[in-house]
Amino acid sequence: MPIRPTSTSPAAATATVSQRAVNAFSALLESRTGQQISAYRSWRIDTALKPLMRARGLDTLDQLAAALLETGDRCLSDQIVDALLNGETSFFREAPVFDLIVEAVAALEARQRRVRIWCAGCSTGQEPLSLAMLFAERAEERGAPMPDIVATDVSEAALARTRAGRYTQFEIQRGLPIRRMMRWFDAVGNDWAAKHELLRAMTVRSHNLAADAPLPGMFDIVLCRNVLLYLDPQTKTEVFARFAAALRPGGLLVLGAGETVIGQTDAFAPSRDLRGLYERVDGATVAAATAAG
Amino acid sequence: MKTCLVVDDSKVIRKVARHILETLDFSVTEACDGREALDACMAAAPDVILLDWNMPVMSGMDFLRALRDSNIPTRPKVVFCTTENGMAYIRAAIEAGADEYVMKPFDRDTLESKLQIVGMA
Ligand SMILES: C[S@@+](CC[C@H](N)C(=O)[O-])C[C@H]1O[C@@H](n2cnc3c(N)ncnc32)[C@H](O)[C@@H]1O
């Protein structure tokens, strides 16, 4: 980039102030959610915030940053955080994992009562609804009990969409087999809406993994997939500890395909029976697990 | 390499679908109506067929019935790909033996996802 002689050149001014804006947004996102915007993702800030800028009649990121810093408007900062969170998801994402979950639930049912599943970082609801469909079908076919499914996210916008269970044509066609769409969704205008019986199968609530105490009540399985990728190591370790506190002994943790607990916590170890899932280890076995690892 | 037969009377759709399918490592052939598609299947059955609904000469539904009644030894997977997006159409297609259904317009993610569902990607 050519260097202009005066510091008042518009290009130079925009460049520096924009960096300040980017820093302000990154700091806000991290303080609220623990999510870090690494350098290579920072270009997305502009795209992510454009609709909000337009809605507020602002032309530049700097104006938005100024509005944020000067007014301290909580509503605006919530909207910025929502817009910056990456909500990428789809139905039956990494499909084979769902078979493992069904297997795990069947094994638990053979031994005990009602199974409880926590879907942490549920985004717009495709993940908990995928679980709800699987278990509702099992219930229909052989009267198997429905597990409790609790879906949480830090983004209010994502939670509102999860509660509504309404998807565009593009969203409904990602990962969802057509027979399941026919069974569990109704056409509403150009969108597809989950049937009430499916929505009723899950409890949706707000929860910030980086700040809030673990959900009360003991869970058998926690899914937290593609959420912890951009948390700093310290926060990740804390989140794992909270998951351990929310799980019964031997409870399972399900992470995204590229994620692991190894090197980040002693509270979980790879499950022997269910490859790719992690098991809560009891205090006594923690040392052994670390030594073995 | 898996083979896919794209059946659509629109040259543009065939081109778009071919492009996406080739990036997904498919070897692609094309037909512009059900009749041509049936001939192509008789000559060499593909692994999967991407099938439009409304076409001249022979519609997607008529093709599907003819394929079902034919004596082709291996039955290709059939993925409807059409602007007929109502539930009644979808149900009819599935009852007639289609394996999956893509509502147009589609993109790469949609196609890849549906092909994965039928075990082809
Ligand atoms: C990429 S999506 C993953 C959605 C789903 N779990 C999946 O794998 O398809 C990540 C989600 O985590 C949520 N998230 C990010 N940080 C969070 C936090 N600190 N507490 C709760 N949810 C968070 C985001 O709002 C977003 O909806």
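## Surroundings of the ligand

The ligand is surrounded by 21 residues, and the closest are Q35(A), T89(A), R93(A), D153(A) and N226(A). This arrangement comes from a predicted model. Sorted by class, the shell around the ligand consists of 5 nonpolar, 11 polar and 5 charged residues.

As for its location, the ligand sits in the largest pocket.

## Polar contacts and burial

Three side chains can be described by their distances to atoms of the ligand. R93(A), one of the closest residues, has a polar side-chain atom 2.8 Å from an oxygen atom of the ligand. The side chain of E127(A) has an N or O atom 3.2 Å from a nitrogen atom of the ligand. For N208(A), a polar side-chain atom lies 3.0 Å from a nitrogen atom of the ligand.

How much of the ligand does the protein bury? The ligand taken alone exposes 610 Å², and the protein buries 97% of that area.

## Residue A210(A)

A210(A) belongs to the loop that lies between two strands of chain A, β6 (202-206) and β7 (219-224). Along the chain, A210(A) and E238(A) are 28 residues apart, while their C-alpha atoms are separated by 7.9 Å.

Is A210(A) buried, partly exposed or exposed? The relative accessible area of A210(A) is 23%. Buried means under 20% and exposed means over 50%, with partly exposed in between. A210(A) is therefore partly exposed.

How values were computed
Residues are numbered from 1 along each chain as its sequence is written. Chains are lettered from A and ligands numbered from 1 in the order in which they are written. This is a predicted model: local features need pLDDT of at least 70, side-chain atom pairs count only at pLDDT 80 or more; totals for chains, interfaces and linings use all residues. Side-chain values use heavy atoms; hydrogens and water are left out. A residue is near a molecule or strand if one of its heavy atoms lies within 4 Å of it. A polar contact is a pair of N or O atoms within 3.5 Å; within protein, one must be able to donate a hydrogen and the other to accept it, and residues adjacent in sequence count only if both atoms are side-chain atoms. Accessible areas come from the Shrake-Rupley method with a 1.4 Å probe; for residues, only the protein chains shown count as cover. On a 1 Å grid over the protein atoms alone, a cavity is a set of points where a 1.4 Å probe fits but cannot get out, and a pocket is an open set with protein on both sides within 12 Å along at least five of seven lines; lining residues have an atom within 4 Å of a point. A molecule sits in a cavity or pocket if more than half of its atoms lie within 2 Å of its grid points. Ala, Val, Leu, Ile, Met, Phe, Trp, Tyr, Cys and Pro count as nonpolar, Asp, Glu, Lys and Arg as charged, and the others, Gly among them, as polar. Helices (H or I, at least four residues) and strands (E, at least two) are DSSP runs, numbered from the N terminus. Buried means under 20% relative accessible area, exposed over 50%, partly exposed in between (1.4 Å probe, protein chains only).
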